[in-house]
Amino acid sequence: MDLAPYLLLALLEGMVQASVLMLTALGLSLVFGVMRVVNVAHGQFFMLGAVGAWLCAQAIPGPPAIGFAVALIAAPLAVGAIAWAADRAILRRIGYDPEGTIVSTIGLLYILQQSALIGFGPDARAVDPPFSHTLRTPWFGYSSYKLFIVAVAIALVAALWLILRRTRLGLIMRATQFDRETAQNFGIRVDRVYSAVFAVGAMLAAAGGVLVVPNQQAHYLMGTDPLLLSFVVVIVGGLGSLPGTIAAAVLIGLSDGLLSVFFSPTLAAIASTLLVALVLIFRPQGLFGRAAA
Amino acid sequence: MTRMQVEGLEARYGRAQVLHGVSLSLRGGEVLCLMGRNGAGKTTTLRSVMGTLRPTGGRITLDGRDLTGLPAAEIPRAGIAHVPQGRRLFSDLTVRENLALGLMTRGADTAVQEAALDLFPVLRDRLSQRAGTLSGGEQSMLAMARAICVGPRVLLLDEPTEGLMPSAVATVRAAIARLRADGVAVLLVEQRVEAVLEVGDRVAFMEHGRIRADHPIAEVRADPGLLKRYVGLSV
Ligand SMILES: Nc1ncnc2c1ncn2[C@@H]1O[C@H](COP(=O)(O)OP(=O)(O)OP(=O)(O)O)[C@@H](O)[C@H]1O
Ligand SMILES: [Mg+2]
């Protein structure tokens, strides 16, 4: 048997997985890094992005590409607005208390999930890909849309990177992450930074949701797996470390793709769980994180 | 004219009250030294003025404007800057970024930054270096420069020369003298008597969360018993 075609397919599938995972996990990591909030509702923002993409596809007539392009911008913005409101209405009121935020984001998870069930219904719904061109390899055809997912994810991560490293807003976020008290002493309004970070984190997940819908269908329960995998990535990559999160997403996405193609998805799930356990035991700061001082 | 007035400031950590009515007044172009034994409440006083710790009583005014109870982020906008104990630089960020954070309240006013760098020229060669990798002396200078970037009318300094070699100490003191000449009001927490005698105009002695005495520097020089009584030192 010739392995090369399988290997190529597995790598491609792994890259697509890794790209979406990278977006979701970066959102979770950013929120944890800056706000020290473990956002259990994060997967719901992913789900809302997917549902938003479906709504756009329904509402906008004409070729699917138009509805999709609108969704890619409008859905994350809408989800960001929801997250912003949730931060003001809930998290700020409890003073970002670590345990309190876990409990209240669990509550938020159910509110968002059940709202989706009521508004969107229990069925999985498909959205047409914006284009359905197939790339030919000598062995199999591959959807060019899947490669588009990878490209958009890379572009979004690059944009996030530039914002964090090159803009005033990014400087403010990094300073707040490093030492919120001193940041305030230099005039940074930390509460506004938190609202913005929570919204940006949710927008990253929502963008991931929009991107997977043409591949995977929208469903009100679809937020659970991305949340769990994001936690895996964030733990393996090191809490709050963006480069670590990116590296871990690629590592886990690829190994997931390889194991799923060559063995079974169950083995892939077992492997990532095992990896988390090993990391927690031998390197609790994450593979790429720095040890706590 | 009085620049900053602190009246009856009270503060607590949890249930432990640490400040029991601290009163201070500070004029422009004056260096007021705050002395007292470890744990007297000097750092707590500065943190309360900055709004980092919410005072439970008392009043703070700057040029007649009541700042009591403002959110911490508004205090630098009102014109008060802080060099905290232990410096608290953003050590993962570069020197340039630390200075940019100092400028946060004033847009990109590079003239202030230039003036700050003129006081500490060594920082100019290290703008792209991570603050955490600077030497101790350079870190102190950066903490001062960052606060100067705020363009303060009042500067709160909490042991800015702690753990420094004499040459770095001299640079920091020269900067304090310069700010004083420019009309900035400086509240300096300092343990070293010779530093107090060199740069101070007045000394306030603090004990158990209260100001016990407040004397012009000449009186402190003339009466060594003061230092002995409040900080257990002889000159
Ligand atoms: N974060 C805190 N939580 C609880 N108690 C604190 C805290 N910070 C300071 N204290 C207590 O408040 C009192 C005053 O401390 P503060 O740091 O203001 O003293 P200080 O005069 O600056 O001392 P030093 O000369 O050692 O810097 C001390 O008894 C200290 O133990
Ligand atoms: Mg102190």
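# Exercises on a predicted two-chain model

Over residues 193-215 of chain A the chain is 100% helix and 0% strand, with the end C-alpha atoms 34 Å apart. Helices (H or I, at least four residues) and strands (E, at least two) are DSSP runs, numbered from the N terminus. The model is predicted, so local features need pLDDT of at least 70 and side-chain atom pairs pLDDT 80 or more, while totals for chains, interfaces and linings use all residues. Residues are numbered from 1 along each chain as its sequence is written, chains are lettered from A and ligands numbered from 1 in the order written, and side-chain values use heavy atoms, without hydrogens or water.

**Exercise 1. Place the stretch 193-215 of chain A in the record, and describe residues 66-86 of chain A.**

Step 1. The unreviewed UniProt entry lists residues 193-215 of chain A as a "transmembrane region", and residues 66-86 are also among those listed. UniProt positions are in the numbering used here, feature names are shortened, and annotations may be inferred rather than shown by experiment.

Step 2. Residues 66-86 of chain A are 100% helix and 0% strand, and their end C-alpha atoms are 30 Å apart.

**Exercise 2. Identify the residues that coordinate the magnesium ion (ligand 2), and locate them in chain B.**

Step 1. B:Thr43 (OG1) and B:Gln85 (OE1) coordinate the ion at 1.9 to 2.3 Å. Donors are N, O and S atoms within 2.8 Å of the metal (3.2 Å for Na, K and Ca); water is not among the atoms, so sites may look incomplete.

Step 2. B:Thr43 lies in helix H1 (residues 42-49), and B:Gln85 in the loop between strand E6 (80-83) and helix H3 (95-102), so the pair ties together parts 42 residues apart in sequence.

Step 3. B:Thr43 is partly exposed at 25% relative accessibility, and B:Gln85 is partly exposed at 31%. Buried means under 20% relative accessible area, exposed over 50%, and partly exposed in between (1.4 Å probe, protein chains only).

**Exercise 3. Describe the surroundings of ligand 1.**

Step 1. Ligand 1 is surrounded by 13 residues, the closest being B:Asn38, B:Gly39, B:Lys42, B:Thr43 and B:Thr44; a residue counts if one of its heavy atoms lies within 4 Å.

Step 2. A backbone N or O atom of B:Gly39 is 2.8 Å from an oxygen atom of ligand 1, and one of B:Ala40 is 3.2 Å from an oxygen atom of the ligand.

Step 3. From B:Lys42, a polar side-chain atom lies 2.8 Å from an oxygen atom of ligand 1.

**Exercise 4. Is B:Arg3 buried or exposed, and which residues does B:Arg3 contact?**

Step 1. B:Arg3 belongs to strand E1 (residues 2-13) of chain B and is buried, with a relative accessible area of 17%.

Step 2. Its side chain reaches the backbone oxygen of B:Arg153 at 2.8 Å.

Step 3. Beyond neighbours within four places in sequence, the contacts of B:Arg3 (heavy atoms within 4.5 Å) include B:Leu26, B:Asp63, B:Arg153 and B:Val184.

**Exercise 5. Compare the settings of B:Asp63 and B:His208, which have a positive phi of about 45°.**

Step 1. B:Asp63 is not a glycine; this residue sits in the loop between strand E4 (57-62) and strand E5 (65-66) of chain B.

Step 2. B:His208 is not a glycine either, and its loop runs between strand E9 (202-207) and strand E10 (210-216) of chain B.

Step 3. B:Asp63 is partly exposed at 30% relative accessibility, whereas B:His208 is exposed at 58%.

Terms used:
Polar contact = N/O pair within 3.5 Å; in protein donor to acceptor, adjacent residues only side chain to side chain.
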